[in-house]
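Open the model in your viewer and set it to a cartoon view. This tour tells you what to select at each stop and what is there.

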Amino acid sequence: MRANLFPARILRVKDAIRPNPTLFHYPGLTARPWHEREAAPFNSWVHELEAATADITAEYLQVRAAGTPSDYLPGESDHNSELHTGGEWHWASFIDRGRRREEMWQRCPRTAAALQNVPSLCEGDMPFAFAFFSTLRPGGRIKPHCSPCNLRVRVHLPLIVPEGASCGIRVGSEARAWKPGKCLIFDDAFEHEVWNDGDQARVILLLDLWHWELEQEEIQSIQEMFRVVEAKRDARQQSGSRS
């Protein structure tokens, strides 16, 4: 199994509606901006996840009431610190760069169970895998950007959404609005942006899945590649600290 790595300047095509991952491109995977909930890769689990919306929302409200600080660190994100502007973008993470935050799994057992029941939930040795409560406060905007890779499919389960057309997401050339309890599923390797011009916070549960066309053997090989990269990075950091 061999994957291709291309510099971002090669992957990007001006004005094209195509996936433009900024770092890692795996060839041969189906790519479209939006995926429908009833499509075969998703319809076996999406309704069960949506049925848990009330329980998940209740746990989110408990987390918010406790004053849990955001674990979003712009300087350590996949993008530069200018990605987000305006109202606060607050993260409360269950999976951060592939690693579980056990405290959140224990604090929110029903949300954790709902995540665990989603097939192909992206975690482990995968630095671009996330699952978190995403709160975008009024006036917040996430600028147009593309994900680092095309290995994942992103899911939004809307929990709290401002009324009207003041809040939305564009992927490729099509904008959609969130509806509480109805998942939006998309390929974030396509350019996408988010805005909240409403008067209340927009809250979703965000989660990443492995692309459904990746075989288990391919996933294992990809994870081994990331393990090697991480080990080399750690070795360089240790060497630098001793010099």
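**Starting at a strand pair**

Select Arg170 and Ala175: Ala175, in strand 11, is the bridge partner of Arg170. Keep in mind that this is a predicted model. Now widen the selection to strand 10 (residues 167-171) and strand 11. The two pair in the antiparallel sense, over 3 bridges.

**The sheet around that pair**

Add the neighbours. An open sheet of 5 strands appears, in the order 4-8-13-10-11, with antiparallel pairing. Look at its edges, where strand 4 (84-85) and strand 11 (174-176) stand. Each has a single partner strand, so one side of each is left without a neighbour in the sheet.

**The other sheet**

Next, select strands 3, 12, 9, 14, 7, 5 and 6. In that order, these 7 strands form an open sheet, and the pairing is antiparallel. Strand 3 (34-35) and strand 6 (99-100) are its edge strands, each pairing on one side only.

Zoom in on strand 9 (residues 152-160) and strand 14 (residues 202-210). They run antiparallel and are joined by 8 bridges. Pick His156 there, and you will find Leu206 of strand 14 opposite.

**Two helices across the sheet**

Show helix 5 (residues 109-116). Helix 5 lies across strand 5, strand 6, strand 7 and strand 14. Its angle to strand 14 is about 35 degrees.

Then show helix 3. This helix lies across strand 5 (89-96), strand 7 (130-136), strand 9 and strand 14. Relative to strand 9, helix 3 runs at about 75 degrees.

**A closer look at helix 3**

Select residues 53-65, the 13 residues of helix 3. At 1.5 Å a residue they should span 18 Å, and the end C-alpha atoms are 18 Å apart, which agrees.

Which residues of helix 3 are buried? Colour Thr53, Ile56, Thr57, Glu59, Tyr60 and Val63: these are the ones. They cover an arc of only 165 degrees around the axis, which puts them on the same side of helix 3. An α-helix has 3.6 residues a turn, so residues three or four places apart point the same way.

Rotate to the face turned away from the buried side. The exposed residues Ala54, Gln62 and Ala65 are there. Step past the end of helix 3 to Gly67, whose phi is positive, near 70 degrees.

**Zooming out**

Finish with the whole chain. The chain has 6 helices and 14 strands. Of its 243 residues, 49% are buried. Its accessible surface comes to about 12000 Å², with 49% belonging to carbon and sulfur atoms.

Methods:
Residues numbered from 1 in each chain as written. Predicted model: local features only at pLDDT ≥ 70, side-chain atom pairs only at ≥ 80, totals over all residues. Heavy atoms only, no water. Helix = DSSP H or I, 4+ residues; strand = E, 2+ residues; numbered from the N terminus. Expected span 1.5 Å × (residues − 1). Buried < 20%, exposed > 50% of the residue type's maximum accessible area, 1.4 Å probe, protein only. Arc of directions from axis to C-beta. Pairing = 2+ DSSP bridges. Contact = heavy atoms within 4.5 Å. Axes fitted to C-alpha atoms, helices over the stretch in contact; angles between N-to-C directions. Areas by Shrake-Rupley, 256 points an atom, 1.4 Å probe, with all protein chains shown as cover.
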